[in-house]
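Please work through the following exercises with the structure in view. Each task is followed by a solution in steps.

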Amino acid sequence: MIRTGERQRNILEFALSSLHRRRGRNLSLLAMYVLIIFVLASLLFFVSALKREAALVLHDAPDLIVQRMIAGRQELIPVEYGAEIASIRGVAEVRSRLWGYYFDSWNGANYTVIAHNSPTGTEGGAAIGSGVARSRKVKVGEMFPLRTPGTEPLLLEVKTIFPDSSDLRAADLIIISTADFSRLFNFPVGKVTDLAVTVTNVRELPTVAAKIASLHPDSRPILKSEIQRTYQSIFDWRGGMTLLILLSAVLSFIIFAWDRATGLSAEERKEIGILKSIGWETSDVLLLKFWEGCAISLPAFLLGVILAYGHVFFLSAPLFSQALKGWSILYPRFQLVPVVDISQLLVLFFLTVIPYTTATIIPSWRTATIDPDAAMRS
Amino acid sequence: MRNSSRFLLFVVVGVTVIALLPCHAHYRQQASLRPMNRPPEELTELQLTDLCLVTEARHTRHPSLADRHAPFQEHPLALEFFPSGSFILPPSPHDSP
């Protein structure tokens with residue numbers, strides 16, 4: 001047992017010195033390998049963390065949202081619809097929601113404005129997200145104007161700024177009173193943006209939605225489960241962002257492994273021929289190549305995963321945030337809460353380390369099984 | 001120290017760090033659930049439906065409330081032109097109730 005261990009260590013020692021002789025080539029291989037694992041692992045961590053955040057946000061979402069559609073566009077919904085929906089059996093509560101978007105021509109940012117009569121949302125006051133505070137350069141107690149359709153701007157006093165930790169929910173939010181909301185958008189009386197419906201029994205949700213659709217054919221009920229499905233599809237591996245990065249990384253890896261699998265250099269073939277001629281068995285040569293493959297792929301996997309964890313959870317994924325930012329002026333500064341799925345890491349290990357190691361052994365096996373003289377001369 | 005010992009030490013340290021990542025993640029998740037780290041009550045009362053990831057277009061700011069055709073509503077034959085539209089897919093077709 002000890003002799004076997006010592007033999008393995010000696011072969012590993014030889015493999016490392018063999019790699020060291022071609023250190024320029026092998027270091028560039030290692031760097032590329034680390035980069036591929038880093039991108040794939042970063043994507044896994046980023047998507048898992050965002051899925052968790054989405055699940056937390058959606059936990060508070062209404063059971064059902066009712067919108068009104070006219071000519072394929074969402075339109076304001078009359079408040080009477082709410083009263084009629086409230087009379088449907090199984091509906092516990094119907095809340096009218098007033099919300100919309102405000103384009104800030106001063107800096108080109110888009111804000112989400114919500115009317116809510118909370119203590120901080122009193123007339124003339126506003127609770128704002130930290131993204132809005134940054135883009136408008138305002139602090140608590142300061143005033144900031146918003147343009148209205150009339151001549152007079154709406155002056156709001158900042159009552160609360162939500163902490164940076166809430167950026168993934170509220171970076172672009174401006175919460176104001178219903179009266180201020182009506183003034184800001186000259187909102188028509190008797191209309192609301194949409195209706196949030198709570199039901200007594202969630203199993204009755206599809207039935208309630210069907211009743212609403214038949215009561216008002218121009219309405220569009222959106223179930224909480226549909227919202228959850230939307231987020232699953234965004235962060236699914238087939239989702240736009242995930243698929244794009246996944247494909248680029250996997251293709252790079254295939255090219256990389258293909259380069260190893262298609263053959264050995266003349267120097268490597270000569271080395272195998274010499275080893276065979278001095279008495280090495282084919283199994284010894286394969287073991288040597290196995291350790292050479294491991295000496296590249298194992299450190300690459302370990303470094304790639306650890307760097308990816310730091311990139312996503314300590315540096316807030318700057319590589320992905322640039323892609324998500326697009327033309328957004330206002331971008332949340334979020335610190336994701338780590339989520340590590342061991343099964344995903346194991347899949348990543350088996351899809352990267354094993355194929356690379358196999359790709360290293362196969363051409364060596366072909367060379368090791370031919371005559372040493374032919375191997376040295378080839 | 002032999003090169004093989006250095007290599008094996010590196011692997012052991014790397015595997016240990018990776019094995020500790022789930023523990024760190026669990027600790028951070030528990031910390032995020034503490035009352036002082038929870039989102040303000042005012043935000044949970046709003047019953048928000050979307051993450052504030054992208055603010056450039058309404059269909060990528062609130063993908064769950066947008067239609068599949070929302071990116072193309074600017075004018076007839078309009079094409080989607082927001083960069084984030086290529087990353088965030090439109091919602092899956094809703095089941096008609």
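**Exercises on chains B and A**

Chain B contains three helices and zero strands. The model is a predicted one.

**Exercise 1.** State the pattern that chain B follows along its sequence, and explain why chain B is described as more spread out than a compact globule.

*Solution.*
Step 1. Reading along the sequence of chain B gives the pattern α-α-α.
Step 2. The globule rule gives 13 Å for 97 residues, whereas the radius of gyration of chain B is 23 Å. The radius is well over the rule's value, so chain B is more spread out than a compact globule.
Step 3. Along the principal axes, the C-alpha atoms of chain B fill a box of roughly 70 × 40 × 30 Å.

**Exercise 2.** Identify the domains into which chain B is divided, and give the separation of their centres.

*Solution.*
Step 1. The domain assignment divides chain B into domain 1 (3-38) and domain 2 (43-86).
Step 2. Taken over C-alpha atoms, the centres of domain 1 of chain B and domain 2 of chain B are separated by 37 Å.

**Exercise 3.** Describe burial, contacts and charges in chain B.

*Solution.*
Step 1. Of the 97 residues in chain B, 45% are buried, where buried means under 20% relative accessible area.
Step 2. Consider the contacts in chain B with a separation of 6 or more: residues 24 or more positions apart account for 33% of them.
Step 3. Chain B carries 8 positive and 9 negative charges, and the mean positions of these two sets lie 22 Å apart.
Step 4. About 5,300 Å² of chain B is exposed, with 65% supplied by carbon and sulfur atoms.

**Exercise 4.** Repeat the analysis for chain A, beginning with its helices and strands.

*Solution.*
Step 1. Chain A has 14 helices and 13 strands.
Step 2. For 378 residues the globule rule gives 21 Å, but the radius of gyration of chain A is 31 Å, well over that value, so chain A too is more spread out than a compact globule.
Step 3. The box filled by the C-alpha atoms of chain A is roughly 95 × 50 × 40 Å along the principal axes.
Step 4. Buried residues form 52% of the 378 residues in chain A.
Step 5. Among contacts in chain A between residues at least 6 apart in sequence, those joining residues at least 24 apart make up 80%.
Step 6. The 38 positive and 33 negative charges of chain A have mean positions 4 Å apart.
Step 7. The accessible surface of chain A is about 17,500 Å², and 63% of that surface belongs to carbon and sulfur atoms.

Technical notes:
Residues numbered from 1 in each chain as written. Chains lettered and ligands numbered in written order. Predicted model: local features only at pLDDT ≥ 70, side-chain atom pairs only at ≥ 80, totals over all residues. Heavy atoms only, no water. Helix = DSSP H or I, 4+ residues; strand = E, 2+ residues; numbered from the N terminus. Rg over C-alpha atoms; globule rule 2.2 N^0.38 Å. Buried < 20%, exposed > 50% of the residue type's maximum accessible area, 1.4 Å probe, protein only. Contact = heavy atoms within 4.5 Å. Areas by Shrake-Rupley, 256 points an atom, 1.4 Å probe, with all protein chains shown as cover. Lys, Arg positive; Asp, Glu negative; His and termini not counted. Charge placed at Lys NZ, Arg CZ, Asp CG, Glu CD. Domains from an automatic or database assignment.
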